[in-house]
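Q: The following exchange examines the terms applied to a structure and the values behind them. Please set out how each label is justified.

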Amino acid sequence: MLFRSETPERMPPAREVFLYFLLLGFINVGGPVAQITMMYNNMVERNHWLSKDRFVKIMGFTHMLPGPEALQLAIYVGYLKKGVLGGIIAGLTFIIPGALIMVLLSHLYVTYGNLPFVNDVLYILKPAVLGIIAAGIIKLGKAAITNVRLAAILITATLAMLFLKIDFLVILFLAGLVNLLLTIRLPSLNSAMGMIPVLIGGLKGGFFTDEKWLQMIWLFLKTGLFSFGGAYASLAFLQRGAVDQFHWLTAEQLLDGVALSVATPGPFMLFTTFVGYLAGGITGAVIATFFVFLPSFVFVLLGARYIEQVQNNRSVQAFLAGISAGVVGVILVVSFDLIPSAVVGASSIIIALLAFTLITFFKADVAKVALGTIFAGIIYAALQSI
């Protein structure tokens, strides 16, 4: 037992746990908020697998990690039931159904993506996705910016990205380092600043080769390693890497992948599977899916037993808080690049604002907004074909 709790917990047989995550893998549409809500309803309120206290503490742990929180929660529960093997099985059953669906949709997209019907559906869906992303930025910002210092880090990161074109990893590293140093009040920044050239040199040399598969492995691995803030942060890495640097797809195609991910079950970050497929077919999709989610498995399975120490470590908390503030700025900058392909007229603006308003001000379920938009897109496409 990693936590003490006065509330009785009745963890069911392993078969029931893994069948639940397999079922969830097929129905968990709507992104992390919807997925975590589903888990809470089943694990805490309905079946009492976990106490409320334990669930909240696990969520606190996963929010400190890069990558998708809902997947990490599934891995953690599997770990509680059957150790490392249980964590791996729970995570895989949560991912695989959605990944298979995404591969199929990616194939259909490549084959039929230029058909008018598909374009008409995406015409409605893409601006709605932009509204969902904007709502996510607001939500992440509220969670990450808890004081004036973090707000300053956010503003500085955003300006550095916009005007100085500094690399994402450098931005995130510096954001975490600055907040750490200011929090623990070290007397000088000189030693930390001396580390920056080393980091930049490591990023520019040695990691990337002319081999496409190695380029893909590193891009998706670093996306999984540094995506503090989950899917929206991973979007930033893929925009800069897959679109701007390697030109495996366009910004418009990336947004199409995000739209498909919103419409399918599984972690929101499964749009990385779409990117991998467009970059390298089935092999690319497997590489993308494996390496982007690998860090989540490693972090949870290695860190679960030390969760109390990690949560109470002031230095770790300060570093991650700074990174989270930097992530908000990174996501904001990348979102600007997606606007031209999503907003193509007054109707697109209205759709984006409607999705944003429903989620932000009326607290609408992201899954219902996504499904409603998909339905509206199908109707619109059908009417256009008449």
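A: A residue is called buried when its relative accessible area is under 20%, exposed when it is over 50%, and partly exposed in between, with a 1.4 Å probe and protein chains only as cover. By that rule, buried residues make up 52% of the 386 residues in the protein. This is a predicted model, in which local features need pLDDT of at least 70 and side-chain atom pairs count only at pLDDT 80 or more, while totals for chains, interfaces and linings use all residues. Residues are numbered from 1 along each chain as its sequence is written, and side-chain values use heavy atoms, with hydrogens and water left out.

Q: What makes up the secondary structure of the protein, in helices and strands?
A: Helices (H or I, at least four residues) and strands (E, at least two) are DSSP runs, numbered from the N terminus. The protein has 17 helices and zero strands.

Q: Why is the pairing of Glu-252 and Lys-126 called a salt bridge?
A: The term requires a side-chain nitrogen of Lys or Arg within 4 Å of a carboxyl oxygen of Asp or Glu. The N to O distance between the side chains of Glu-252 and Lys-126 is 3.1 Å, so the pair satisfies the definition. The two residues link distant parts of the chain, with Glu-252 in helix α12 (residues 251-262) and Lys-126 in helix α5 (residues 116-144), 126 residues apart.

Q: How do you know whether Glu-252 is buried or exposed, or in between?
A: Glu-252 has a relative accessible area of 41%, and is therefore partly exposed. Its partner Lys-126 has a value of 7% and is therefore buried.

Q: Which other residue meets Lys-126 in a salt bridge?
A: The side chain of Asp-256 does so, at 3.2 Å from N to O. This pair also links distant parts of the chain, Lys-126 lying in helix α5 and Asp-256 in helix α12, 130 residues apart. Asp-256 has a relative accessible area of 5%, so it is buried.

Q: How many salt bridges does the structure hold?
A: The structure holds three. One of them joins Asp-244 and Arg-240, whose closest N and O atoms are 3.0 Å apart. Asp-244 and Arg-240 are four residues apart in helix α11 (residues 231-245), so about one helical turn separates them. Asp-244 is partly exposed because its relative accessible area is 35%, and Arg-240, at 23%, also counts as partly exposed. Salt bridges that share partners join Lys-126, Glu-252 and Asp-256 into one network.

Q: How do you know that the span of helix α6 (residues 148-164) agrees with its number of residues?
A: The expected span is 1.5 Å times one less than the number of residues. For the 17 residues of α6 this gives 24 Å, and the end C-alpha atoms are 23 Å apart, so the two agree.

Q: What makes one side of α6 the buried side?
A: Leu-150, Ile-153, Leu-154, Ala-157, Thr-158, Ala-160 and Met-161 are buried in α6. They cover an arc of only 160° around the axis, which puts them on the same side of α6; the arc is that of the directions from the helix axis to the C-beta atoms. The face turned away from that side carries the exposed residues Val-148, Ile-155, Thr-156, Phe-163 and Leu-164.

Q: Why is the pairing of Thr-273 and Thr-289 called a polar contact?
A: A polar contact is a pair of N or O atoms within 3.5 Å; within protein, one must be able to donate a hydrogen and the other to accept it, and residues adjacent in sequence count only if both atoms are side-chain atoms. The side chains of Thr-273 and Thr-289 are joined at 2.7 Å, so the distance falls within the cut-off. Thr-273 is found in helix α13 and, at 0% relative accessibility, counts as buried.

Q: Which residues are in contact with Ser-234, leaving aside its neighbours within four places in sequence?
A: Contact means heavy atoms within 4.5 Å. On that basis, Ser-234 is in contact with Thr-223, Ser-227, Met-269 and Phe-271, its neighbours within four places being left aside. Ser-234 lies in helix α11 and has a relative accessible area of 0%, so it is buried.
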